[in-house]
Every structure is written in structure tokens, then in C-alpha cells.
Amino acid sequence: MSFTVHLFAGARELARAEMVTIDLPAGATVADVRTALARAKPILTRLLGRSAIALNHDFADDDHILAPGDELAVIPPVSGG
Amino acid sequence: MVRLTHDPIDPGALLETVRSPHCGAVALFLGTVRDLTGEQVTVFLDYEAYPPMAEKKMAEIEVEARRRWEVGEVGLVHRLGRLSVGEVSVAVAVSAPHRAAAFDACRYAIDALKELVPIWKRENAPDGSGTWVHQSAKPGDR
């Protein structure tokens with residue numbers, strides 16, 4: 001399955017991309033998204049460790065299993081306000 | 001009511017949207033762009049959001065505020081884009097029959113926004129350098 005992962009703020013600047021496409025096998029989890037992202041964009045590794053992964057606009061646990069069409073995003077520590 | 005906007009926030013207009021004959025109290029919080037963070041001078045900020053998720057999380061904050069306190073209307077607005085020192089970046093207005101609920105719900109809403117809503121700021125210094133602020137804990141961890 002192919003997934004598009006949206007990047008924002010510092011993650012977007014580090015990766016020099018607004019999104020990254022990753023391929024994962026059926027049954028893959030949010031933890032696998034982290035691994036695939038770090039492989040595709042090693043420069044994100046450190047920030048990923050401090051970031052949440054959003055799945056369909058909610059914070060997702062690492063053991064959550066992905067479904068086709070899921071919308072994914074890296075959410076670094078937020079600083080709104 | 002929750003909203004993201006690229007236009008300047010009008011606090012007076014926001015206050016009018018939450019006022020109600022049933023509410024004897026209105027609390028307003030404004031976040032404004034500060035010129036100093038420690039010793040670092042900021043000349044402007046850039047705010048970026050993940051809009052669909054930010055609006056969803058802001059709406060959830062309104063729902064939670066209504067669940068916890070007896071409030072009339074809640075207005076939660078965050079500005080995006082480039083802001084100069086002194087401009088309003090975020091506004092929270094809450095009306096309630098009595099002042100305690102208005103203060104408490106307003107405080108809760110801004111605290112939850114700063115913890116949970118996917119919005120980020122980039123501090124831009126006089127020398128042209130800029131840094132995205134990613135200092136808080138991993139979002140969503142409780």
C-alpha cells in the first residue's frame with residue numbers, strides 16, 4: 001500500500017518537502033510509518049522521535065494498523081498560541 | 001465557533017459573537033506577538049497549521065469546554081501567516097451566566113490549544129534567520 005505523509009514546519013523544512021510517499025505492506029502500523037519515514041528522510045529521525053503521527057486528523061498510537069486511503073501527517077511539538 | 005484565518009483578528013467583533021442575554025459574564029484572552037524570547041529578538045512570526053486537523057482539535061476543545069462548564073458561546077480563532085510584533089495571533093472568547101465558568105473555560109481553551117492543536121510558529125530574528133519552535137512535549141501524549 002502507498003501512503004502520502006504530510007510534513008509541516010520544521011519537519012517540512014528539514015525534509016525540503018511538503019509530503020513524502022512511502023510504501024508499506026498490508027497490516028503495517030503507525031510504528032512502521034515512523035521507520036519508513038526515517039529511511040526515506042534520515043534527516044527527520046531526531047525530530048520524529050519527538051513528534052506524533054496523525055492518522056485521519058487524530059493523534060495515532062504506534063500500534064494502530066493502517067487502512068488504504070488513511071491520511072497521515074507528522075506532528076512535531078506544537079507552538080501555536 | 002472555531003476558525004483559522006489569515007486576516008487580522010478583530011477582538012471586538014469576536015466578543016460580540018459570544019455575547020448573549022443569558023450570559024452575565026464574558027472572558028476574553030488574546031495572545032499577541034512578543035518582541036523577546038529570552039534574549040532573542042523577534043521581528044515577526046510565521047504561523048503554519050495542518051488546517052483540517054487544527055480545526056477538528058479546536059472544535060473538540062470547544063466541546064470539552066461545554067462539557068466541563070456551563071457556558072453560553074465559545075469563540076476560538078487562530079491567525080496564520082506572517083505576523084508583526086504586537087499583532088493578535090490567537091483569541092479566545094467565552095460567555096457564561098457567571099464569571100467563574102467564563103474564566104475557567106477560557107483558560108482551559110487556550111491551554112488545550114497550546115498543547116494539542118497542530119499549529120506552529122517560526123521566530124524570525126533581525127538578521128534574517130528563523131527557527132521553527134518545537135520545544136514542547138510530543139503532542140497528544142497525556
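**Notebook: the A/B interface and the cores**

Started with charges at the contact between the two chains: I find four salt bridges across the interface of chain A and chain B. This is a predicted model, so I read every number below as computed from it. One of the four I looked up pairs Arg122(B) with Glu13(A), and the closest N and O atoms there are 3.1 Å apart. Counting polar contacts next, I get 19 residue pairs across the interface, both partners at pLDDT 80 or more.

Which elements of chain A carry its side of the interface? Those giving two or more residues are α1 (9–15), α3 (45–49), β3 (52–55), β4 (58–59) and β5 (72–75). I note that α1(A) gives the most, with five residues. Sorted by class, the side of chain A that touches chain B comes out as twelve nonpolar, eight polar and six charged residues.

**Size of the interface**

I counted contacts: 26 residues of chain A meet 31 residues of chain B. The buried area between the two chains is about 2400 Å², with 56% of it on carbon and sulfur atoms. I then asked which three residues of chain A supply more of its buried area than any other three. They are His57(A), Val78(A) and Gly81(A), with 27% of what chain A buries against chain B.

**His134(B)**

I went to His134(B), which sits in the segment after β10 (130–132) of chain B. Is it buried or exposed? His134(B) counts as buried because its relative accessibility is 10%, and the cut-off for buried is under 20%. Its side chain makes two polar contacts that I wrote down. The backbone nitrogen of Gly10(A) lies 3.0 Å from a polar atom of that side chain, and the backbone oxygen of Pro77(A) is reached at 3.0 Å. Leaving out residues up to four places away in sequence, I list Ala9(A), Gly10(A), Ala11(A), Leu47(A), Arg50(A), Pro76(A), Pro77(A) and Trp120(B) as touching His134(B).

**Cores**

Where is the largest nonpolar core? I looked for the elements that each supply at least two residues, and they are β2, β5 (44–49), α2 (51–68), β6 (74–79), β8 (88–96) and α3 (99–116) of chain B. This core has 31 residues, and Ile61(B), Leu113(B) and Ile119(B) have the most contacts inside it. α3(B) gives the most to this core, with nine residues.

I checked Ile61(B) on its own. Beyond its neighbours within four places in sequence, Ile61(B) is in contact with Leu76(B), Tyr108(B), Ala109(B), Ala112(B), Leu113(B) and Val117(B). There is also a second, separate core of 22 residues, including Leu7(A), Ala15(A), Ile22(A) and Val30(A).

**Helix α2(A)**

Val30(A) led me to helix α2 (residues 30–40) of chain A, where Val30(A), Val33(A), Arg34(A), Ala36(A) and Leu37(A) are buried. An α-helix has 3.6 residues a turn, so residues three or four places apart point the same way. What covers the buried residues of α2(A)? I find β1 (2–6), β2 (19–23), α3, β3 and β5 of chain A among the elements that do.

**Ser20(B)**

Last stop was Ser20(B), in the loop between α1 (11–18) and β2 (25–32) of chain B. I have Ser20(B) down as partly exposed because its relative accessible area is 22%. A polar atom of the Ser20(B) side chain lies 3.0 Å from the backbone nitrogen of His22(B). I also logged Ala96(B), 76 residues away from Ser20(B) along the chain, with 8.5 Å between the two C-alpha atoms.

Terms used
Residues numbered from 1 in each chain as written. Chains lettered and ligands numbered in written order. Predicted model: local features only at pLDDT ≥ 70, side-chain atom pairs only at ≥ 80, totals over all residues. Heavy atoms only, no water. Contact = heavy atoms within 4.5 Å. Buried area = accessible area lost by both parts, 1.4 Å probe. Salt bridge = Lys/Arg side-chain N within 4 Å of Asp/Glu carboxyl O. Polar contact = N/O pair within 3.5 Å; in protein donor to acceptor, adjacent residues only side chain to side chain. Helix = DSSP H or I, 4+ residues; strand = E, 2+ residues; numbered from the N terminus. Nonpolar A, V, L, I, M, F, W, Y, C, P; charged D, E, K, R; others polar. Buried < 20%, exposed > 50% of the residue type's maximum accessible area, 1.4 Å probe, protein only. Core = buried A, V, L, I, M, F, W, Y, C linked by side-chain atoms within 4.5 Å.
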